[in-house]
Amino acid sequence: MPPRRRTPIADGHAALEACRAAGWAADRRTTATAVRYTLEELATIAPGRTVEVRVPPHGAVQCIEGPVHTRGTPPNVIETDAGTWLRLAVGDLSWDDALAGALVRASGQRAHLEGLLPITSLRVGA
């Protein structure tokens, strides 16, 4: 079951558009809204609790079906900054390029988002 949406879709999409227009360097509030919205979208298309995706300090989400994590540090963690995450989410940066450029920290056997990015519901700039 996907998580309950906390960011209204229209607000999230508007924040995402504003971030892109600002070269992924919008103000903190707008960036936080865009990050939370895109993380919610990821959890919607890949429900589960196997991988934790963290974008500090704005948000984190558990996603992808598989073994369930319940306590302590999750075994599969992906962490990145807001600008990198937003670029990954909309397809302005590939997963492989982010890994090669050390823009993403991924630990654990299942800590990857290949095939899930870009998130197709996040069409921006169209």
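This report describes one helix, two residues of another helix, and the largest pocket of a predicted model.

**Helix α1**

Helix α1 covers residues 9-21, which makes 13 residues. At 1.5 Å a residue, α1 should span 18 Å, and its end C-alpha atoms are indeed 18 Å apart, so the two values agree. Within α1, the residues Gly12, Ala15, Leu16 and Cys19 are buried. These residues lie on the same side of α1, because they cover an arc of only 100 degrees around the axis. Ala10 and Ala21, on the other side of α1, are exposed. Which elements cover the buried residues of α1? Among them are α2, made of residues 28-45, and α3. After α1 comes Gly23, a residue with a positive phi near 65 degrees.

**Two residues of helix α3**

Helix α3 runs over residues 82-90 and contains Thr84. Arg87 is also found in helix α3. The table gives the accessibility of each.

| Residue | Relative accessibility | Class |
|---|---|---|
| Thr84 | 4% | buried |
| Arg87 | 26% | partly exposed |

Thr84 counts as buried because its relative accessibility of 4% falls under the 20% limit. Arg87, at 26%, lies between the limits of 20% and 50%, and is therefore partly exposed.

What does the side chain of Thr84 make a polar contact with? The partner is the side chain of Asp81, at 2.8 Å. With neighbours within four places in sequence left aside, Thr84 is in contact with Leu93, Leu103 and Val104. For Arg87, with neighbours within four places likewise left aside, the contacts are Trp24, Asp92 and Leu93. Leu93 is thus named in the contacts of Thr84 and in those of Arg87.

How far apart in space are Arg87 and Leu117? Their C-alpha atoms are 9.9 Å apart, while 30 residues separate Arg87 from Leu117 in sequence.

**The largest pocket**

The largest pocket holds about 190 Å³ of space. It is lined by 13 residues, and those closest to its centre are Arg6, Arg36, Glu40, Ala60 and Val61. Which elements give two or more residues to this lining? They are α2 and β2, the latter made of residues 59-63. Helix α2 therefore appears in two places in this report: it is among the elements that cover the buried residues of α1, and it contributes to the lining of the largest pocket.

Terms used: Residues numbered from 1 in each chain as written. Predicted model: local features only at pLDDT ≥ 70, side-chain atom pairs only at ≥ 80, totals over all residues. Heavy atoms only, no water. Helix = DSSP H or I, 4+ residues; strand = E, 2+ residues; numbered from the N terminus. Buried < 20%, exposed > 50% of the residue type's maximum accessible area, 1.4 Å probe, protein only. Polar contact = N/O pair within 3.5 Å; in protein donor to acceptor, adjacent residues only side chain to side chain. Contact = heavy atoms within 4.5 Å. Expected span 1.5 Å × (residues − 1). Arc of directions from axis to C-beta. 1 Å grid on protein atoms, 1.4 Å probe; cavity = no way out; pocket = protein on both sides within 12 Å on 5 of 7 lines; lining within 4 Å. Points joined across faces, edges and corners; volume = space filled by probe spheres on them.
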